[in-house]
Amino acid sequence: MEKQRLWDETWLQFADMMAERHSKCASKSVACVIVKAEKPISIGLNGTPPGHTNCNEIFLKRADGFYKRAEYVHDDAVDLMEPAIQLVHDGVTFVKCADLYEHHNWSKQHEIHAEINAIGKLAADSTNAFGATAYVTHSPCHACSLALIAARVARVVYAVGYEHGDGLDLMRESGIEVVHLPLEKSYKNTL
């Protein structure tokens, strides 16, 4: 059991590192690493399809909310009575989003979740996830949980909950072992 926990921590740390370094979402960095027979067989990140504009090329997340690159702000989205809050980041002008859900709604329309990307890569390679473990930085949403069930993974290990709802109970009902394993951000050798 201790050996499995060490592998779980290792692969989840790897997923976390991949998300932090390579996700293109301004809001959440999410990765899914599918491991079978102690080997990674697929890695998926949240983001737009290849060739499409990435979220972090349009949006900037700050403590006070989301900002959108000025060239993506339409005239009808600007309140003429209330001056827009602007900031310059790395030489680019951003306008504060008046709609609190603007980024979330954009993301739902344009981005693919990490789990779907990982499963899609397996399908493209004619590989399957039967009996594998999916290591995900955030608990899978309902749709991703359905995809993991359909892919016939045996286990899902995740670090943090997803605030927009998840499918953990659905996966458990389908016989998938679900493990919540909060991560410390710094690697510690426990051997």
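Here is a short chat about how a few labels in this predicted model are earned.

Colleague: What should I know before we start?

Modeller: Residues are numbered from 1 along each chain as its sequence is written. In this predicted model local features need pLDDT of at least 70 and side-chain atom pairs pLDDT 80 or more, while totals for chains, interfaces and linings use all residues, and side-chain values use heavy atoms, without hydrogens or water.

Colleague: Why do Cys55 and Cys25 not form a bond?

Modeller: A disulfide needs two cysteine sulfur atoms within 2.5 Å. The closest cysteine sulfur to that of Cys55 is in Cys25, 4.0 Å away, so the two are too far apart for a bond.

Colleague: And what keeps Cys144 from bonding to Cys141?

Modeller: Their sulfurs are 3.7 Å apart, again too far. The structure holds zero disulfides.

Colleague: Why is Cys144 called buried?

Modeller: Buried means under 20% relative accessible area, exposed over 50%, and partly exposed in between, with a 1.4 Å probe and protein chains only. Cys144 has 2% relative accessibility, so buried is the right word.

Colleague: What makes Phe59 and Phe66 an edge-to-face pair?

Modeller: Rings of Phe, Tyr and Trp (its six-membered ring) pair if their centres lie within 6.5 Å; planes under 30 degrees apart are stacked, over 60 edge-to-face, the rest tilted. Here the centres are 6.4 Å apart and the planes at 85°, so the pair is edge-to-face.

Colleague: How do you know that Phe59 is buried?

Modeller: Phe59 has 2% relative accessibility, so it counts as buried. Phe66, at 16%, is buried too.
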